[in-house]
Amino acid sequence: MIKNIVLGVALTGSLTLLIQALYAGSAARLFLPIFFTVGLGLGLLRLFVNHNIKKMKGKSLMTKILFFAVLLGIGLPFQSWFRTNVMFAMDPKIMPRSIAMMVMGVVSLTVWTMKSKKQEA
């Protein structure tokens with residue numbers, strides 16, 4: 001029940017921010033979908049890393065180091081690109097809405113995944 005409410009609030013808030021930006025013709029309309037997608041990606045990454053860390057018990061030290069090296073090798077270049085090409089190109093006035101959209105993306109994916117796992121069990 002609570003998961004449904006949180007998911008509904010997050011998705012309704014995201015949709016409201018996007019419709020508001022489209023209606024107002026704001027420059028945020030370009031960034032909000034990007035930030036929501038990045039939020040979904042961060043939520044998926046968090047779930048992936050948590051799942052794999054649980055499976056790391058009993059693995060060799062070299063396997064653990066390789067896992068985190070690959071994770072950082074992919075993550076750091078993406079973070080650098082996102083910061084320089086997206087965040088520095090933004091108007092600071094739309095930054096709070098964009099960050100809120102990213103947080104709602106993370107929350108939406110996390111709650112939806114938790115809800116799906118509960119229904120499977």
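This is a short talk on the helices, the nonpolar core and the largest pocket of one structure. The model is predicted, so every value here is computed from a prediction.

I will take the helices in order. Helix H1 covers residues 2-24. H1 has 23 residues, and the distance from its first C-alpha to its last is 33 Å, close to the 33 Å expected at 1.5 Å a residue. After H1 comes glycine 25, with a positive phi near 70 degrees.

Which residues of H1 are buried? They are Leu7, Ala10, Ser14, Leu17 and Ala21. Two of these deserve a closer look.

Alanine 10 sits in helix H1. Alanine 10 counts as buried because its relative accessible area is 5%, and buried means under 20%. Setting aside residues up to four places away in sequence, alanine 10 touches Met104, Val107 and Ser108. For a sense of distance, the C-alpha atoms of alanine 10 and valine 70 are 31 Å apart, with the two positions 60 residues apart along the chain.

Serine 14 is also in helix H1. Its relative accessible area is 5%, so serine 14 is buried as well. Beyond its neighbours within four places in sequence, serine 14 is in contact with Phe36, Met101 and Met104. Of these partners, Phe36 is among the buried residues of H2, and Met101 is named among the residues with the most contacts inside the largest nonpolar core.

Next is helix H2, residues 28-54. Does its length agree or disagree with the expected span? The 27 residues of H2 should span 39 Å at 1.5 Å a residue, and its end C-alpha atoms lie 38 Å apart, so the two agree.

The buried residues of H2 are Ala28, Phe31, Leu32, Phe35, Phe36, Val38, Gly39, Gly43, Leu47, Val49 and Asn52. Isoleucine 53, also in helix H2, is partly exposed, because its relative accessible area is 40%. Its C-alpha atom is separated by 35 Å from that of leucine 17, a residue 36 positions away along the chain.

Helix H3 runs over residues 61-87. H3 has 27 residues and reaches 36 Å from first C-alpha to last, close to the 39 Å expected at 1.5 Å a residue. Its buried residues are Phe67, Phe82 and Val86. H2 is included in what covers them.

Now the core. The largest nonpolar core has 17 residues, and those with the most contacts inside it are Phe31, Leu32, Phe35, Met90 and Met101. Each of H1, H2, H3 and helix H4, residues 95-120, supplies at least two residues of this core. H2 provides the largest share, six residues.

Phenylalanine 35 is a useful place to look at the contacts in detail. What does phenylalanine 35 touch, not counting residues up to four places away in sequence? Its partners are Phe82, Val86, Met87, Met90, Ser98, Ile99, Met101 and Met102. Phe82 and Val86 in that list are also buried residues of H3.

Last, the pocket. The largest pocket has a volume of about 420 Å³. How many residues line it? There are 16, of which Leu42, Leu45, Gly75, Phe78 and Gln79 lie nearest its centre.

Both H2 and H3 supply at least two residues of the lining. H3 gives the most, with 11 residues. By type, the lining of the largest pocket divides into 12 nonpolar residues, three polar and one charged.

To recap, H2 makes the largest contribution to the core, while H3 gives the most to the lining of the largest pocket.

Conventions: Residues numbered from 1 in each chain as written. Predicted model: local features only at pLDDT ≥ 70, side-chain atom pairs only at ≥ 80, totals over all residues. Heavy atoms only, no water. 1 Å grid on protein atoms, 1.4 Å probe; cavity = no way out; pocket = protein on both sides within 12 Å on 5 of 7 lines; lining within 4 Å. Points joined across faces, edges and corners; volume = space filled by probe spheres on them. Helix = DSSP H or I, 4+ residues; strand = E, 2+ residues; numbered from the N terminus. Nonpolar A, V, L, I, M, F, W, Y, C, P; charged D, E, K, R; others polar. Core = buried A, V, L, I, M, F, W, Y, C linked by side-chain atoms within 4.5 Å. Buried < 20%, exposed > 50% of the residue type's maximum accessible area, 1.4 Å probe, protein only. Contact = heavy atoms within 4.5 Å. Expected span 1.5 Å × (residues − 1).
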